[in-house]
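Work through the exercises below with the sequence and the coordinates at hand. Each task is followed by a worked solution.

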Amino acid sequence: MAFPTTSNANGIWQLNAIRNYLLDNTWPQVLPPTVAVDYLVVAGGGSGGAGYASVGGGGGGGAGGLLTGSQILDLSSNYTVSIGAGGAGPATGNSGSNGSNSTFNNITAVGGGRGGSATSVAKVDGSAGGSGGGGQPTGGGATAVGGAGTSGQGNNGGNGTSASPYGGGGGGGAGAVGANANATKSGNGGAGTSSNLTGTPTNYAGGGGGGGYTYGGSSVTAGTGGTGGGGNGSGSAVAGSDGTANTGGGGGGGCTRDPSGPHQSGGSGGSGIVIVRFPSSNNISIGAGLTYSNSTVGANKVVSFTAGTGNISFS
């Protein structure tokens with residue numbers, strides 16, 4: 001007689017398991033009630049770099065990391081939501097900052113990388129992040145490299161050009177890499193990604209455009225921000241544009257106007273967002289500390305969290 005195997009004796013193993021549960025007084029097993037939740041988590045975008053004397057245009061800020069999917073969650077358990085701020089845009093001579101992470105339960109989107117922003121006469125590579133920031137170049141032939149994006153969340157930033165005129169690289173977006181600068185144009189920000197979670201297709205997490213550069217009759221046009229809230233780079237006497245709030249867009253790079261300036265500030269990154277969608281037969285409880293809005297889409301409820309940190313639970 002052949003011994004039972006997992007392929008021909010499933011019933012035997014199940015009966016043995018039930019017997020053990022009965023002996024331990026743990027039968028029948030009762031699983032906790034659950035709810036299916038769709039989510040979108042976008043981190044804050046990185047700042048664009050500022051223009052600086054004898055250095056090229058500031059790099060565009062990288063978009064905040066973007067994650068979307070579904071989870072099965074237990075009812076009545078608490079889940080933490082946190083919305084990441086965008087990196088603050090720097091004045092000339094300052095380095096800028098990455099965006100802050102956004103979280104939902106065990107899902108963490110990484111803040112966007114700051115664009116290159118010089119504090120001395122030297123090229124500055126873009127910073128890594130959810131998407132990477134664009135590089136800020138200078139003379140000497142060394143390429144200002146874009147920062148690396150986080151796998152599954154975003155893309156790399158673009159390079160600043162190593163030959164005059166010195167344009168800044170574009171920040172990476174959730175849907176595409178930031179463009180490299182060339183002899184006539186700074187890098188455009190990488191495109192973001194569209195989500196229909198709210199019932200209206202909306203783009204999120206676009207990279208910031210690289211800042212322009214002028215010297216006498218030599219100039220490059222500033223890069224444009226990527227779809228999904230990326231800020232435009234500066235090509236005149238204004239700062240790089242800020243990324244759009246609650247999109248995670250990167251800030252635009254500021255322009256350099258050699259030899260005498262003024263050199264322009266980089267734009268701030270856009271803040272992130274967390275959106276959850278779940279069946280209308282369920283309810284949500286939202287703790288203090290979160291700013292949010294509610295809507296109904298078909299047979300589902302949608303809650304968009306736009307600022308703060310706090311706990312939520314479902315019932």
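The exercises treat confidence, one sheet and some backbone features of this predicted model.

**Exercise 1.** Find what the pLDDT is over residues 1–11 and how many contacts this stretch has beyond near neighbours in sequence.

Solution. Start with the whole protein chain: its mean pLDDT is 91, and 90% of its residues reach 70 or more. Then take residues 1–11, where the pLDDT is below 50. Beyond near neighbours in sequence, this stretch has six contacts in the model. Where pLDDT is low, the predicted coordinates should not be read in detail.

**Exercise 2.** Determine the strand order of the open sheet that contains S8, and state which strands stand at its edges.

Solution. Three strands make up the open sheet, ordered S9-S8-S10, with mixed pairing. Strands S9 (218–220) and S10 (256–258) each have a single partner strand, so one side of each lacks a neighbour in the sheet. On average, neighbouring strands are turned by 5° against each other, direction ignored. Next, examine S8 (residues 213–215) and S9: they run antiparallel and are joined by three bridges. Thr214 has Ser219 in S9 as its bridge partner.

**Exercise 3.** Locate the cis peptide bonds that lead into Pro259 and Pro262.

Solution. The bond from Asp258 to Pro259 is cis, with omega near 5°. The bond from Gly261 to Pro262 is cis, with omega near 0°. Pro259 lies in the loop between S10 and strand S11 (273–279), and Pro262 is in the loop between S10 and S11.

**Exercise 4.** Classify Ser76 as buried or exposed.

Solution. Ser76, in the loop between strand S2 (66–74) and strand S3 (79–82), has a positive phi of about 75° although it is not a glycine. Exposed means over 50% relative accessible area. Ser76 has 63% relative accessibility and therefore counts as exposed.

Definitions and conventions
Residues are numbered from 1 along each chain as its sequence is written. This is a predicted model: local features need pLDDT of at least 70, side-chain atom pairs count only at pLDDT 80 or more; totals for chains, interfaces and linings use all residues. Side-chain values use heavy atoms; hydrogens and water are left out. pLDDT is the predictor's confidence in each residue, from 0 to 100. Contact means heavy atoms within 4.5 Å. Two strands pair if DSSP finds at least two bridges between them. Helices (H or I, at least four residues) and strands (E, at least two) are DSSP runs, numbered from the N terminus. Axes are lines fitted to C-alpha atoms, for helices over the stretch in contact, and angles run from 0 to 180 degrees between N-to-C directions. Buried means under 20% relative accessible area, exposed over 50%, partly exposed in between (1.4 Å probe, protein chains only).
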